[in-house]
Amino acid sequence: MSRKIAPPDPRGMDYLEIRGLTVDFDGFKAVDGVDVTLLQGQLHFLIGPNGAGKTTLVDAVTGLVSGSGHATYRGHQLLGMKSHQIVRAGVGRTFQTATVFEELTVLQNLDIAGGVHRSAWGMLRARRGVPDYVASALETIGLTDLADRPAGVLAHGQKQWLEIGMLLVQDSKVMLLDEPVAGMSAEERAETGELLRRIGTERTIVVIEHDMEFVRQYADIVTVMHAGKVLTEGSVADIQADPRVQEVYLGRTAEGAEHA
Ligand code: ADP
Ligand code: MG
């Protein structure tokens, strides 16, 4: 790909740079030489048909599967680091299905997530009250009034917001969100879009999503994946005008023709 590589720290902005990322499952390349630069302050959407390799890309960057190539953030080569080290380096993710502790309260879920950066002594002190950064995360995700409710009683959308809150208290500077609005009502989607805009100005946020209406409304930049590769990248208008994108979504792919 001929995409320009961002120079180090342009205008003081942060970025995560992925180059030649490949994930090979016994000879099947689920991710195949992906180059993408994720910039702070832009809502970057990652779209593509089922099986395109979106989740596997996030898994590789967050240490859940091994990949080759480079995924560089603030001088750290993330590939090869352990998941918890990647979290400490400031890179967090959510999963397609929510992973909150249902029996614990909203506040306890946030407190546990915040423990990533705290010493045992710090955690003891924090129990005496709600630490500022947790209170602030509760405010941001709109769950202050539900802080003492078990996470299990939250609505579907609220659980996803709690997950985003957990990334906030972890102080994730890069957030990789795997289909955060799947299954949400129109109202929840809109609230999530606004939430992502609010927190995205000072973070690098990547959203995997299928719903083109949501993408149209909130994406600053869109990367389209297909069969493990980047098919194209650009503004929503750019990718919508690209006949190759329409082809992969209709299943009439150039690759399909080759195999026929
Ligand atoms: P997406 O998130 O874009 O829908 P995935 O990243 O989940 O796609 O999957 C990409 C491809 O890799 C799919 O063909 C999937 O079946 C395959 N795949 C995912 N995980 C594994 C695995 N652990 N072992 C073998 N194949 C896998
Ligand atoms: Mg997926």
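**Thr55 and the two ligands**

Reader: Is Thr55 buried, partly exposed or exposed in this structure?
Author: In this predicted model, the relative accessible area of Thr55 comes to 25%. Buried would require a value under 20% and exposed a value over 50%, so the class that applies to Thr55 is partly exposed.

Reader: Which residues coordinate the magnesium ion (ligand 2)?
Author: The coordinating atoms are OG1 and OE1, and they lie at 2.1 to 2.6 Å from the ion. OG1 belongs to a threonine and OE1 to a glutamine, so the residues asked for are Thr55 and Gln96.

Reader: How many residues apart along the chain are Thr55 and Gln96?
Author: Thr55 sits in helix H1, which covers residues 54-61, whereas Gln96 belongs to the loop between strand S6 (91-94) and helix H3 (106-114). The pair therefore links distant parts of the chain, and the separation in residues is 41.

Reader: Which element gives the most residues to the shell around ligand 1?
Author: The residues surrounding ligand 1 include Phe28, Ala30, Lys54, Thr55 and Thr56. Strand S2 (28-39) and helix H1 each supply at least two residues of this shell, but the element that gives the most, with three residues, is H1.

Reader: What share of the area that ligand 1 exposes when taken alone does the protein bury?
Author: An oxygen atom of ligand 1 lies 2.8 Å from a side-chain N or O atom of Lys54, and an oxygen atom of ligand 1 is 2.9 Å from a side-chain N or O atom of Thr55. Taken alone, ligand 1 exposes 570 Å², and of that area the protein buries 59%.

Note on methods
Residues are numbered from 1 along each chain as its sequence is written. Chains are lettered from A and ligands numbered from 1 in the order in which they are written. This is a predicted model: local features need pLDDT of at least 70, side-chain atom pairs count only at pLDDT 80 or more; totals for chains, interfaces and linings use all residues. Side-chain values use heavy atoms; hydrogens and water are left out. Donors are N, O and S atoms within 2.8 Å of the metal (3.2 Å for Na, K and Ca); water is not among the atoms, so sites may look incomplete. Helices (H or I, at least four residues) and strands (E, at least two) are DSSP runs, numbered from the N terminus. Buried means under 20% relative accessible area, exposed over 50%, partly exposed in between (1.4 Å probe, protein chains only). A residue is near a molecule or strand if one of its heavy atoms lies within 4 Å of it. A polar contact is a pair of N or O atoms within 3.5 Å; within protein, one must be able to donate a hydrogen and the other to accept it, and residues adjacent in sequence count only if both atoms are side-chain atoms. Accessible areas come from the Shrake-Rupley method with a 1.4 Å probe; for residues, only the protein chains shown count as cover.
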